[in-house]
Amino acid sequence: MQIFKGWKEFKAKPQAEKFQYFSRPSSLQNKTIHHLIYAQQLTREFTGELFALADKIRDMAKTKEGMDSLQRLASDKRAMLFFVQPSTRTFLSFLNACHILGIKTSEIRDTATSSEIKGESPEDAVRTFSSYVDLIIVRHAEEGFAEKSAWVLNQSGRPIPIINGGSGKDEHPTQALLDLYTINRSLGKIDGKKIAMVGDLKRGRTIRSLSQLLANYSDVEIFFAAAEQYQMKDDILEYLKKRGVPFSLTSDFESVIPKADVIYCTRIQDEYDENGESEKIDYRKFHFEERHLASLKKDAIIMHPFPRRLEIATAIDNDPRAKYWEQARNGMWIRAALMLKILGREP
Amino acid sequence: MQIFKGWKEFKAKPQAEKFQYFSRPSSLQNKTIHHLIYAQQLTREFTGELFALADKIRDMAKTKEGMDSLQRLASDKRAMLFFVQPSTRTFLSFLNACHILGIKTSEIRDTATSSEIKGESPEDAVRTFSSYVDLIIVRHAEEGFAEKSAWVLNQSGRPIPIINGGSGKDEHPTQALLDLYTINRSLGKIDGKKIAMVGDLKRGRTIRSLSQLLANYSDVEIFFAAAEQYQMKDDILEYLKKRGVPFSLTSDFESVIPKADVIYCTRIQDEYDENGESEKIDYRKFHFEERHLASLKKDAIIMHPFPRRLEIATAIDNDPRAKYWEQARNGMWIRAALMLKILGREP
Amino acid sequence: MQIFKGWKEFKAKPQAEKFQYFSRPSSLQNKTIHHLIYAQQLTREFTGELFALADKIRDMAKTKEGMDSLQRLASDKRAMLFFVQPSTRTFLSFLNACHILGIKTSEIRDTATSSEIKGESPEDAVRTFSSYVDLIIVRHAEEGFAEKSAWVLNQSGRPIPIINGGSGKDEHPTQALLDLYTINRSLGKIDGKKIAMVGDLKRGRTIRSLSQLLANYSDVEIFFAAAEQYQMKDDILEYLKKRGVPFSLTSDFESVIPKADVIYCTRIQDEYDENGESEKIDYRKFHFEERHLASLKKDAIIMHPFPRRLEIATAIDNDPRAKYWEQARNGMWIRAALMLKILGREP
């Protein structure tokens, strides 16, 4: 099919070469992100601008007057949330970020209500959505779906921005963004921090994206604490080596607790199990229990992308170092900042 | 789990002792409802204020200018409608009440699209939702779910209000509220009225809540007309005795029609059947048929919480005494009033 | 049931006699559409007014200031999208048209979340919805459902407008409207044009409605290109004869390509198959392939109501004559115009 003749060629390119294609057309402001597909598009500079913008938005949001101003910023814009993979948190934080900015929203959350059952291709669906809205946020179980969507729209006469809200096992750039924002906001900076990542490191896209982005900061150190079968994959480890980020692998979670500034817990992604293999592992060794609080640094923070099962005891939910609720709310503010930036509507 | 250590203790308290805990924190205006969980929180005084406020809102809503003013009252607020039990009427009237007040809305209507399938606890879900919005309206099949949600949020750093939109078999306070509002608006007052309640009185939460609230008014009398197996339960009858409300039980529906100022019909709640027991009863004796209109008082009213099956003949839908359509619309106005009150945004 | 005693009588009337009943009550402006149920209500005059209004809306929408003005036009109105039959395009274009005009929206997209499971009649559901909103857009698998809804509401004390968003196999008036708008906008006029309709003409409601409306224009000619089993039905052919519209039937699609100003492709509606009969036909002969571009007139256009399967090769998606993406977007603008007209809120 001719329209896709360039797709395979594009897809095969090294990631970094693609970023230019995801930038805003030069007619506006060059070098700014237009489609956000990969976490690696988020440079330290751009991320810093987003942090400042998110802080400004939450500050404005404290008064009714400020909220009303925020809602005027993008009151003429319409977004589509195309979420065909179940999600609550990412969905709600994008939706409410839209509401904060006055963006009107359309939702597709279930393919059963959509034309897919009439045999439409996902590419046609995305191009159709682009007819009605100014921005599409995509969450899809298929790897590379967001990238393909951006590619399809760039080929069309209406190349509106795509934001990847989670695509396949690999990429979830806005989650990595809110994680960085949470570390920066809670600890004042990211440079020099020691981050322990715990749980299912092999299949957790959050952890993968965050690890890569941490390489943009100085003197960061990472501890990967997981059962052997679920340790971080070599591709990320290679990347960190190349970027000069020190890291260590361990299956002894308790040993890293006293050393870490950030404890980042994740759940077992057993929806990706092929044979119930997760059940064979005793994951209690990787749970953060109340007794661990004693060995945790006074100013360290505990994070979790949620939903959680038993990875963090609810007994510590109200400890001031437990930042996972703030982390969720941070997602809303930083996504609002991202959309303002992409739409070119900073206040 | 430490965070819940207080929950069982709290849950076991007598209802009236809990109400203080559901009030707005004293830093604002003490004694005002913050979480609405139980119908019994609705005092005669508070309910009277809501009636007046609802009248004012519907009056403003008659002009475009008034509607635009209403939408500015809470334009900075965001609500979550967390409806995991099917509902059309309650959902739509809350949603449109939000729209009238400019409140932006997020919906969870189906747990299949939510994180529950990833094993998240409902408490975590509610606390997460609280990160994104300013108010949560909860409808849940589990008894006590709304109460637990309010308790969880009060323990957290972000105790936003919970409104119970129907929880288990027992409580549906905003339905009772709109029923009272409908009686008051149609008949000018509630004091001194004779109310016949008909149908499945055992399992209808609407009827249970309304019966209790009627005790706040003077000289009210209640006729409970139902098949023996579905008569009102003893707990409510005891309550009425204690409050000095005269009532009588009958299985002869036709005998109460000429005496009543209000005929309140309800459907058989056969979704709570354990063994298809509802099918064994001839419920036609409890249907309001066209021929009954002749014996009905000229200024009496007919109500139904809807959906209906055959409880009221469609032949009387346009009789001026049939108030069930207005009743539905009243639900929207009184819920708007309730939200304004809870958010502290009366015009 | 007395309230429906007039329904059967009404339903049996000739279509044209019903239109008065779907007009706006004379207290406002007589002769204007109030309920849009049938494509045939769309006179050439009314349609022309809508074309002009849609052009004006899209012009205003080019600036933020214009968008903000548009959103004030109907900011006090609330619409219900009652879509119990799967649909993406029609749903999204109505929804976003509402957003453009500031109309607040409620959605019912799945009867599983609605009261139908409690045994409520669809008539009661529609009358209940009318309690909360100012306009209902209905899509339903049942033939005549929109008409019945309009009838029910006209009998009630709150006769808000109904717009038929697709009802059964027969009627989809706003699709026909956007098709006409697309032809008019792309070719400058409809008079004198030659339109080829291709695919499943027997079961495609789009095609049926459009064929009838084309009779309102001068010197139009229609080519029906389909497999014999799926040719246009006699009722439409009779209608065209009576209105003096020349047409021809063929199973040789390629022969009509060079003659047509408009190629209107449609997919096989196999969801209406009774026995998998569609599978027995080789439909490739009715696909528009890249090689066909050569024989197509320079200023002809290609349309498709979408979703598509293989009816049009993606290779021609970016040919300037491929208007199907614009067609989708046109649906949003013309539906916005229709709603403004029905609500009496033209700028």
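Q: By what turn and what shift along the axis can chain C be laid on chain A?

A: Copies are superposed by least squares on the C-alpha atoms of residues with pLDDT of at least 70 in both; here a turn of 120° with a shift of 0.0 Å along the axis lays chain C on chain A with an RMSD of 0.0 Å, which is the relation of a three-fold axis. Of the residues of chain C, Lys104(C) comes closest to that rotation axis, its C-alpha lying at 5.8 Å. This is a predicted model, in which local features need pLDDT of at least 70 and side-chain atom pairs count only at pLDDT 80 or more, while totals for chains, interfaces and linings use all residues. Residues are numbered from 1 along each chain as its sequence is written, and chains are lettered from A in the order in which they are written.

Q: How many residues does the contact take from chain C and from chain A?

A: Two residues are in contact if their C-beta atoms, placed from the backbone, lie within 7 Å; the contact takes 28 residues from chain C and 24 residues from chain A.

Q: Which element gives the largest share of the side of chain C that touches chain A?

A: Helices are DSSP runs of H or I with at least four residues, and strands are runs of E with at least two, numbered from the N terminus. On this side of chain C, H5(C) gives the largest share, six residues.

Q: Into which domains is chain A divided?

A: Domain bounds come from an automatic or database domain assignment, which for chain A gives domain 1 (2–171 + 330–343) and domain 2 (173–316). The C-alpha centres of these two domains of chain A lie 26 Å apart, and their contact takes 23 residues from domain 1 and 20 residues from domain 2.
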